[in-house]
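User: I would like to learn how to read enclosed space and unusual backbone angles in a model. Could you take me through them one at a time?

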Amino acid sequence: MGLEREGSKGICVDDIISALKGLIEEGYNFNPLHPASGKDSKNNPRVSDHTFCLVNVLDANKVSFMDHKFIDKMIRIREAASDYNLPQVIVMTKIDELCPLVKKDIRKVYTSKKIKEKMQDCSNALGIPMSHIFPVKNYHEETDTSDDMDLLILKALDQIVNLANDQLENQTSSEKLE
């Protein structure tokens, strides 16, 4: 289950925000019709319960078709993450389906005007800087791994880990000052 376009489907936005704060109990089953209650929540989350980076995964083909309700949900979550100074990234998938040039040669991803245009559309709609949007190609028909595909995926993961680590260090150093 993800953040669905329809209002009553997918994970409840308030549950996602509670999860960002580390307030949701481990093992909680997200339910679009019933947000987390007091019995599903933590009162005093530990540092290990906190989130250190908000990662959104979006299909590059669907960026242009995001409706206002969906964008509003994502913006609510993004604003809550910003209130907690969480770094935010987008992993933009299926870029090979978006651009024939990239489908032919994945190494052309950062020279593709179509990919850059989708990244810009996504940045404009959701307020995430272009430098935090990572285009990747999904494994779906391949029978073996590809170094070029893996490089994009690993680069995105490396940036996410670095952002999360920086956030963890900032949070722990500010807690020591208190």
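**Backbone angles and enclosed space**

Analyst: We can begin with N85, which counts as exposed because its relative accessibility is 59%, over the 50% cut-off. In this predicted model, N85 has a positive phi of about 55° although it is not a glycine, and its place is in the loop between α2 and β2.

User: Where is K94, the other residue to look at, placed?

Analyst: K94 lies in the loop between β2 and α3, the latter spanning 95-98. Its phi is positive too, at about 60°, and K94 is not a glycine. With 28% relative accessibility, K94 counts as partly exposed, because that class covers values between 20% and 50%.

User: How should I look for empty space, and how many cavities of 30 Å³ or more does the structure hold?

Analyst: The general idea is that rolling a probe the size of a water molecule over the atoms shows where empty space is left. Here the structure holds one cavity of 30 Å³ or more, and the volume of the largest cavity is about 60 Å³.

User: Which residues line the largest cavity, and which element gives the most to that lining?

Analyst: The lining is made up of L54, N56, M74, I77, R78, Q88, I90, L126 and I128. Two or more residues each come from β1 (54-59), α2 (68-83) and β2 (88-93), with α2 giving the most, namely three residues. Sorted by class, the lining of the largest cavity has six nonpolar, two polar and one charged residues.

Terms used: Residues are numbered from 1 along each chain as its sequence is written. This is a predicted model: local features need pLDDT of at least 70, side-chain atom pairs count only at pLDDT 80 or more; totals for chains, interfaces and linings use all residues. Side-chain values use heavy atoms; hydrogens and water are left out. On a 1 Å grid over the protein atoms alone, a cavity is a set of points where a 1.4 Å probe fits but cannot get out, and a pocket is an open set with protein on both sides within 12 Å along at least five of seven lines; lining residues have an atom within 4 Å of a point. Grid points are joined across faces, edges and corners, and a volume is the space filled by probe spheres set on the points. Helices (H or I, at least four residues) and strands (E, at least two) are DSSP runs, numbered from the N terminus. Ala, Val, Leu, Ile, Met, Phe, Trp, Tyr, Cys and Pro count as nonpolar, Asp, Glu, Lys and Arg as charged, and the others, Gly among them, as polar. Buried means under 20% relative accessible area, exposed over 50%, partly exposed in between (1.4 Å probe, protein chains only).
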